[in-house]
Amino acid sequence: MLKLLAAALLAVGLAAPAQAQQEPVRNLLVRLKPAAESTREAPLAARERLRAVASAAGVAFEDERSVGRRHQLLRLPAAQSGAELDATVRRLRLNPDVLDVEPDVRVRRLAVPNDPAFSSQWHLQAPTQFAAAMNLPAAWDVSTGSAQVVVAVLDVGVRFNHPDLTGRLLPGYDFVSEVEYANDGNGRDTDASDPGDWVSAADKRSALFSTCDIEDSSWHGTFIAGQIAAATNNGIGVAGLDWQAKVLPVRIAGKCGALLSDLLDGIRWAAGLAVDGAPANATPARILNLSFGGDAACSASYQDVVDEITEAGALLVVAAGNESGPVRRPADCNGVLAVGSAQDDGRKADYSNYGARIGLMAPGGTTTRAIYSLDNQGRTTPGVDTYGSKLGTSFSSPQAAGVAALMLAVNPSLTPAQLVERLQASARSHVAVAGAPACSAQPAVACNCDTATCGAGLLDAAAAVLAASPALAPTASIAPVTNAVGGGSVTLDGNASVPSAGARIVAWQWTQVSGPAASIANASAVQTSVALPAGAARYVFRLTVTDSAGRRDQADVAVTATAATASGGGGGGASGWLWGAGLWLLALAAWRRRQA
């Protein structure tokens, strides 16, 4: 059984969207071309020219004045918007004396939702008071998400009736196969709700649960769904990272954890792959959050599933684990984004796992400053839906999953590898708290991170959303590879890669991610060949491109090589020809003996 990665604390809090509207504009900022007779035009002369321009354009006005050295403010008789405003601006811009016209819009403060508990969500704020805060208000100024993006939460199910999840959930599926663990009276079905996952003292006395801990229901999946996509700007409760994305609840765990087979089936189904006995998933997820694991090293079955969903275009975001040690599956599998836990001051939380497999760090909370999200008051079966605080790397990974969803809203074409690369490239540098030990020396306490122990840095939502823009980053692209045969060679082609706007690609770098060791002929060429070892195998190769603006991007390509077919009949080469010739000579000798 695989157990959820969390330590929980109890706290209680609360739950008419206000939609942003385009306001009418009363004033226009107009920049005139410099006067021919001088470089510095007198203010009165500039105003006279502006009046003449407005009259020639047929634009009525009430007043005008200077704004700075180069602009004039033209006040209209009444506020305009929409097509009327566009027409006015266009008429003014057509005048040969006008360089530019800009509506005098109201500039608002950074996007801040009206959810009353938003102020308690320290991890979403700008990183001014708390070094690990993720800077969501600045990210929301760029994008609040897209309803076309689906994020799967693979967990114990969710509370569909929680008021702060209204309109945010897709139907999902229940993959818990064993009735005794399921706690809902049946096996796999279409009900992904959470009946509770408590383990009682009586349960522990049974052989089935003897190795489990006695514990109350965790409402773990509801908490995580709220982190990612709680209904936001609705005047109740908390804010979610993504205001628009849909959550696909995939129930893979019940009492005492998840069976590996249920978990792997749930991952595949969430990404849109077929699972025996389950209906087709009509709403596949591009982002999957999994906060379970830590029981062993990444196995072949686990890696195969990760490879499958990656090829399908889904990114698996996983919790690093809470053992203050090296990561284990799924965090040590290739192709996942493993997220460690940072406490509020930016240090690694004492419980968080660490090491070279960590992709980046995100807030996971401590006993003194935890993560606040959705909860339920029931100690066993569901009670009143409410809010609470928890800590653990279970709640670090949803931070990255939610930010990845915002990135897909900005650029839906991003691949899993590109999402990871841009999340890491946009991360803030690790902090160094005075007097704290380095994680390389004392990893079991709150410690100062570096890239060797805690990944690329601290998750920054605003920087990640900007990095997702196609114009602000290059795009690595690899041509598909087909008909690969073990012992032969394949061509890796990155010619379809494009730089960021105004730049050019200056470097290509090919590396091997997985599979038996292969030989890359020229790892720094845009197109290269790879010699594959003999035998059937699966490989993943990665292309990293760097453009002249210093920006990077990555893409992966999977290569499945079949074993070389042994030749038979007349197609066996020299050895086959010699074997046939030998048989022919033996037959001829026997024939001659019979003739004698």
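**View 1. Surface and overall make-up of the chain.** About 25900 Å² of the chain is exposed, and carbon and sulfur atoms supply 53% of that area. The model is predicted. The chain has 596 residues, and buried residues make up 50% of them. Its secondary structure comes to 13 helices and 21 strands.

**View 2. An open antiparallel sheet of 4 strands.** The strand order is 3-4-2-5. Strand 3 (63–67) and strand 5 (98–103) are the edge strands, and each pairs on one side only. On average, neighbouring strands of this sheet are turned by 30 degrees against each other, direction ignored.

**View 3. Strand 2 beside strand 5.** Strand 2 covers residues 25–32. Strand 2 and strand 5 pair in the antiparallel sense, over 5 bridges. Within this pair, leucine 28 of the chain stands opposite proline 103 in strand 5.

**View 4. Helix 2 across the sheet strands.** Helix 2 spans residues 82–93. Helix 2 lies across strand 2, strand 4 (71–80) and strand 5. Against strand 5, helix 2 runs at about 160 degrees.

**View 5. The largest nonpolar core.** In soluble globular proteins, nonpolar side chains tend to be buried together. Here the largest nonpolar core has 105 residues. Ile252, Ile267, Leu288 and Leu290 have the most contacts inside this core. Helix 9 (residues 397–410) gives the most to this core, with 8 residues. Apart from this core lies another, of 20 residues. Val490, Leu492, Trp510 and Ile520 are among the residues of that other core.

**View 6. The surroundings of isoleucine 252.** Neighbours within four places in sequence are left aside here. Isoleucine 252 is in contact with Leu154, Asp155, Phe175 and Val176, among others. Its contacts also include Ala258, Leu259, Asp262, Leu263 and Gly266. Leu290 and Phe292 are in contact with isoleucine 252 too. Leu290 is itself among the residues with the most contacts inside the largest nonpolar core.

**View 7. Helix 6, enclosed by the rest of the structure.** Helix 6 covers residues 220–229. Of its 10 residues, 10 are buried, so helix 6 is largely enclosed by the rest of the structure. The buried residues include His220, Gly221, Thr222, Phe223 and Ile224. Ala225, Gly226, Gln227, Ile228 and Ala229 are buried as well. What do the buried residues of helix 6 pack against? They pack against strand 6 (150–155), strand 8 (246–251) and strand 9 (287–290), among others. Strand 13 (371–376), strand 14 (385–391) and helix 9 also pack against these buried residues.

How values were computed
Residues are numbered from 1 along each chain as its sequence is written. This is a predicted model: local features need pLDDT of at least 70, side-chain atom pairs count only at pLDDT 80 or more; totals for chains, interfaces and linings use all residues. Side-chain values use heavy atoms; hydrogens and water are left out. Two strands pair if DSSP finds at least two bridges between them. Helices (H or I, at least four residues) and strands (E, at least two) are DSSP runs, numbered from the N terminus. Axes are lines fitted to C-alpha atoms, for helices over the stretch in contact, and angles run from 0 to 180 degrees between N-to-C directions. Contact means heavy atoms within 4.5 Å. Buried means under 20% relative accessible area, exposed over 50%, partly exposed in between (1.4 Å probe, protein chains only). Accessible areas come from the Shrake-Rupley method with a 1.4 Å probe; for residues, only the protein chains shown count as cover. A nonpolar core is a set of buried Ala, Val, Leu, Ile, Met, Phe, Trp, Tyr and Cys residues joined through side-chain atoms within 4.5 Å.
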